[in-house]
Amino acid sequence: MKQYVTYRRVSTADQGRSGLGLEAQTRDIDLFLVNYSDEPYEVIGEFTDVLSGADNERPELTKAITLAKQTGAELLVAKLDRLSRKVSFIATLMDDKKLSLRVASMPHADKFQLHVYAALAEQEREFISKRTKAALQAAKARGQKLGGVRDATMKRNEAVKANAAARAEKLRGLVLPLRDAGRSLREIAGELDKAGVATARGGAWSAAQVKRIIERLEVNS
């Protein structure tokens, strides 16, 4: 019988208490087990950390890894960033020949593909960070004083806009060729779902979301 050790992580104590994020991770893990585990299975251990992804000292993850290695079970997570946001940390896990790792949202990905995905995700976070800082500097240059409740809201709005623009830019090479080929917004949304591209909230794509992506790309062209 196939054995799995599952691991979930949320970033704050509030998320841990309210279940925000945990329910979605549990759903994805369950979907993987039902649809992609190619033989009868059992979950021999379930572990959850409530810590930032930037913190590699996670006691429950350590326990999950230890159990998986001791029993030969596969360590199963909902998404790769639940392990860590750092490529170096993920690479260390993948280089461990005693550890077998599966990611529910990427059921057919091998270790090499997961490593590439982790590297791309890290680059995207770095780009978004730089884009956000640039937006804040531009706002300051326009004479907008930063500080206080109103300015905190402004900074948050600027950050949201910058992040949205960065996400749109990442999809330029996929969305615009489909549009230019005459595909409808709904068809493009379907292609994004097929390609495994997640929306900002991790759900399925809609025609309205695709329309907003195209509009952002046209503004930044």
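**Helix packing and aromatic pairs**

Me: How are α7 and α9 oriented relative to each other?
Reply: The model is predicted, with local features needing pLDDT of at least 70 and side-chain atom pairs pLDDT 80 or more, while totals for chains, interfaces and linings use all residues. Residues are numbered from 1 along each chain as its sequence is written, and side-chain values use heavy atoms, without hydrogens and water. Helix α7 (residues 172-180; helices are DSSP H or I runs of at least four residues, strands E runs of at least two, numbered from the N terminus) packs on α9 with the axes 11 Å apart, at an angle of about 100°. On the 0 to 180 degree scale of N-to-C directions, for lines fitted to C-alpha atoms over the stretch in contact, and with 65 to 115 degrees as the perpendicular range (under 35 parallel, over 145 antiparallel, the rest oblique), α7 and α9 are therefore roughly perpendicular.

Me: Which residues of α9 make the contact with α7?
Reply: From α7, the contact (heavy atoms within 4.5 Å) involves R172, V175, L176 and R179. On the side of α9, the residues are V210, I213, I214, L217 and E218.

Me: Where do the buried residues of α7 lie around its axis?
Reply: V175, L176 and L178 are buried (under 20% relative accessible area; over 50% is exposed, in between partly exposed; 1.4 Å probe, protein chains only), and they pack against α8 and α9. On the other side of α7, G173 and D180 are exposed. Seen down the axis, the buried residues fall within an arc of 160° (from directions to C-beta atoms), so they line one face of the helix.

Me: At what angle do α8 and α9 pack?
Reply: Helix α8 (residues 185-194) uses L185, R186, I188, A189 and L192 to meet A207, V210, K211 and I214 in α9. The axes of α8 and α9 (residues 207-219) are 8 Å apart, and the packing angle is about 95°.

Me: How many aromatic pairs are there?
Reply: Rings of Phe, Tyr and Trp (its six-membered ring) pair with centres within 6.5 Å, with planes under 30 degrees stacked, over 60 edge-to-face and the rest tilted. Y4, F32, Y36 and Y41 form one aromatic cluster. By this rule the aromatic pairs number 3.

Me: What kind of pair do the rings of Y4 and Y41 form?
Reply: Y4 is buried at 1% relative accessible area, whereas Y41 is partly exposed at 33%. Because Y4 lies in strand β1 (residues 2-10) and Y41 in strand β2 (residues 41-50), the pair ties together parts 37 residues apart in sequence. The ring centres of Y4 and Y41 are 6.2 Å apart and the planes are at 75°, so the pair is edge-to-face.
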